[in-house]
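Hi,

Here is the structure I said I would pass on. Have a look at it first, and then read my notes below.

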Amino acid sequence: MFKNLEIALNEALQDEYKACETYRVVIEKFGAVRPFINIIEAEKRHIRALLPLFRKYQLPIPINPWVNKIPAPATLHEACLAGVQAEIENGEMYKKLLALSEGYDDVQRVFRNLQRASQQNHLRAFQRAAGLPINTPPLDPEQATFYEQRGTGGRKGRGFRHGQRRRTLSGHCGTSCR
């Protein structure tokens, strides 16, 4: 069971690393455009949410293998369409990782948060930017109950708590992506 946890955490972190680097490449080519400037910050937070789990379970934190390996898309529209596809795949990945991490409530909580952000926020933003209809997969019943009980805290998906500052877009997704 512990091996499944390691597999799940590694796959989640690698996916977040790849997304962060992909969105950095888009910003580098097209400038500070939405939704990429917002979502790259969310991807950095996703990485920071996963790292304590590696430390808690004494697992080695893998480095980011995606730095300077992601080609830039030809157009901004192509980048948005790729973002839609990536977020759909991300939601599917987290379904699989939730099954692999059964018995680890803290990991499940983080995975559900990341899945929800992907499906309810990032996917919608990319669909909007690509000019597609907003179509998000429904939350699974357990996840929907979790969020109904938790509430949004009035933040409406912005992802920043009171007093929390935005990080800059310097370097390769900042130091938190490496």
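At 1.5 Å a residue, the 29 residues of α1 should span 42 Å, and its end C-alpha atoms are indeed 42 Å apart, so the two agree (the expected span is 1.5 Å times one less than the number of residues; helices are DSSP runs of H or I, at least four residues, numbered from the N terminus). Just after α1 comes Gly31, with a positive phi of about 90°.

Before you read on: this is a predicted model, where local features need pLDDT of at least 70 and side-chain atom pairs count only at pLDDT 80 or more, while totals for chains, interfaces and linings use all residues. Numbering starts from 1 along each chain as its sequence is written, and side-chain values use heavy atoms, leaving out hydrogens and water.

Now the inside. The largest nonpolar core (buried Ala, Val, Leu, Ile, Met, Phe, Trp, Tyr and Cys joined through side-chain atoms within 4.5 Å; buried means under 20% relative accessible area, with a 1.4 Å probe and protein chains only) has 39 residues. α1, α2, α3 and α4 each supply at least two of them, and α1 gives the largest share, 11 residues. Val107, among those with the most contacts inside the core, touches Leu5, Leu9, Leu53, Tyr57 and Ser101, not counting residues up to four places away in sequence (contact means heavy atoms within 4.5 Å).

How do α2 and α4 pack? Their angle is about 170° and their axes, lines fitted to C-alpha atoms over the stretch in contact, are 11 Å apart. They are therefore roughly antiparallel (angles over 145 degrees count as that).

Cheers

Terms used:
Buried < 20%, exposed > 50% of the residue type's maximum accessible area, 1.4 Å probe, protein only. Helix = DSSP H or I, 4+ residues; strand = E, 2+ residues; numbered from the N terminus. Axes fitted to C-alpha atoms, helices over the stretch in contact; angles between N-to-C directions. Parallel < 35°, antiparallel > 145°, perpendicular 65-115°, else oblique.
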